[in-house]
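Biologist: Could you take a close look at one part of this model with me? I'd like to go through the surroundings of a bound ligand.

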Amino acid sequence: MGAGPAGLLLSHLLATNGIESVVVENRSREYCEARQRAGVLEGGTAELLRSVGLGKRLDAIGMEHGGIYLQFDGSRHYVDFRSLTDGRTVTVYAQTEVVKDLIAARLAAGGAIEFSATSVSVSDVASDRPVLSYVDADGTPRSVSCDVIAGCDGFHGICRPLIPEISVYERTYPYAWLGVLADAVPSTDELIYSRHESGFALYSMRSPSVSRLYLQVAPDEKLEEWSDDRIWSELQKRFAVDGWSVAEGPVREKSVTPMRSFVSGPMRYGRLFLAGDAAHIVPPTGAKGLNLALSDVVVLANALRAALLSGSWELADAYSDTCLRRVWRATHFSWWMTSMLHVAPGADAFEAQLQLSQLRYVTSSRAQATALAENYTGYRPARLQT
Ligand code: FAD
Ligand code: PHB
C-alpha cells in the first residue's frame, strides 16, 4: 500500500526474488513523481540503489558530498565526513528522482502499480490471507488476496490504525520549515546548517542550477506573507558571513512543513507490516526520513524472502525490533540536530548559550564531530541478503 519510496522499493526487491506484488496508491503517477521532499541519500542508501539496478541516473545527476557546514555566531565550520569516518559520503539526489526511477523500473519489468485508486481498505490481517480492496482508476472494484500486506502508506495512511495496542512516542516542535525551490546557482559546495538568532536556515541544492533552501518559521506561518523578496532577505541575513552572499533567482515553489518526531510500534500485526513514514517520522534536520524508510524495506524484503520462499518466519518475527533499533538511533540524532540548531519561541539566554557551546564542541572536538558524521552518513545500514 503506497507508491512512495518505501512501497515502490519493496515491490522492486520482491520482484528480484520472484515474489509478485501489486502497489496500490491513491494519488496519480504525476503527483507522486512531483512531490517535493527529501534530498540527501546516505552512502549506504546510494549503494543499495546501485546494487539493485537503480544507479544510472543517480550516478549521472546525483551530487556526492563529503561533509556539511555548521554555521553559528557569524562563522562557518566544515565537518569533513571523509576524514572523520572511513571515507564515507552522502549523495544529494532528490526523492522525486528516486520515485521516478522506481516507477520506471517497475513498469518496465511489467510490475503492477495501481495509481489513483479509491476506497482503499485492508481486512483479515490476522489471518493467513489478508485482503486488499480498492476501486481502480477506471472505476472497477478490485480485491487482492495476499500472503502479506505492507503498509507503506505514509504518516496519514490507513494501515497503522489497524495495529491493535500500538505504542506511540511523539514530540511536536514549536516551529516549522518554509521550503523554497529556486532557479538559482547554489553559492556553496556543501550543505549549510545555520543557527541564527532569527532562526535556523538550511542551504541545500537539487542541481548545479537549482537551490533548495529552508527557513525556520512558526508552525502556523502563512505562506502568503512570504514574498520572494522577504524570503531572499531573510536567507541573506541567516547565512551572512563576510565576503559571501546567497545567489538569488526566481522562486519556483514554496511550502511549509511542520516538524515532528513520531515512533510507533510494533511495526507488525499478523500479516500486516508497516514500513517508512507509516510507522515513524523524524524532523528533517538530520536528513534521515527517506533513508529510514528504505532501510525498513531492506529488512522487510529479507524477511519476506525467507518467509515466503523458505517458510522461515524468524526474520519476520524480528522485523519490528530490528527496524526500531535503527529508527530510535535516527530519532535521537534528528532530535539532537533539531534542538541544537533551532531557536524555540521564548527560549532564554541560557538555552542559547547551551546551543552555542554544543556547536563549538562539535566543531572543535574530533570525537563529537565523528559522532555527527557517522550518524549523518548512516549508522549501521541494513544490508540486503542475496
Ligand atoms: P511517503 O513518501 O509518504 O509515501 C506514502 C505513499 O502512500 C504516498 O504516495 C501516499 O499518497 C500513499 N497513500 C497514503 N494513504 C494511502 C491510502 N489510503 N491508499 C493508498 N495509498 C496511500 N528524508 C531524508 O532521508 N532526507 C531528507 O533530506 C529529507 N528531507 C525532507 C524534507 C521535507 C520538506 C519533508 C516533508 C520530508 C523530508 N524527508 C527527508 C522525509 C522523507 O521525505 C520521507 O521520510 C519519505 O517520503 C518516506 O517515504 P514513504 O514511502 O515511507 O512515505
Ligand atoms: C533537502 O535537500 O531537501 C534537505 C537536505 C538536508 C536536510 C533536509 C532536507 O537535512
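Biologist: Which element gives the most to the shell around ligand 2, and with how many residues?

Modeller: Keep in mind that this is a predicted model. The answer is β14, which gives three residues, the most to the shell around ligand 2. The strand β14 spans 201-207, and it has company: β13 (191-194) and β15 (210-217) are also among the elements that put two or more residues into that shell.

Now for the residues themselves. There are 14 around ligand 2, and the ones that come nearest are Y193, S204, R206, Y214 and P284. Sort the shell by class and you get eight nonpolar residues, three polar ones and three charged ones.

Next, the polar contacts, taken one side chain at a time. With S204, a polar side-chain atom sits 2.6 Å from an oxygen atom of ligand 2. For Y214, the distance from a side-chain N or O atom to an oxygen atom of the ligand is 2.6 Å. Y193 has an N or O atom in its side chain that lies 2.7 Å from a ligand 2 oxygen. As for how covered the ligand is, on its own ligand 2 has 280 Å² of accessible area, and the protein covers 97% of that.

So much for the close-up: to recap, Y193, S204 and Y214 are among the residues that come nearest to ligand 2, and β14 is the element that gives the most to its shell.

Note on methods: Residues are numbered from 1 along each chain as its sequence is written. Chains are lettered from A and ligands numbered from 1 in the order in which they are written. This is a predicted model: local features need pLDDT of at least 70, side-chain atom pairs count only at pLDDT 80 or more; totals for chains, interfaces and linings use all residues. Side-chain values use heavy atoms; hydrogens and water are left out. A residue is near a molecule or strand if one of its heavy atoms lies within 4 Å of it. A polar contact is a pair of N or O atoms within 3.5 Å; within protein, one must be able to donate a hydrogen and the other to accept it, and residues adjacent in sequence count only if both atoms are side-chain atoms. Accessible areas come from the Shrake-Rupley method with a 1.4 Å probe; for residues, only the protein chains shown count as cover. Helices (H or I, at least four residues) and strands (E, at least two) are DSSP runs, numbered from the N terminus. Ala, Val, Leu, Ile, Met, Phe, Trp, Tyr, Cys and Pro count as nonpolar, Asp, Glu, Lys and Arg as charged, and the others, Gly among them, as polar.
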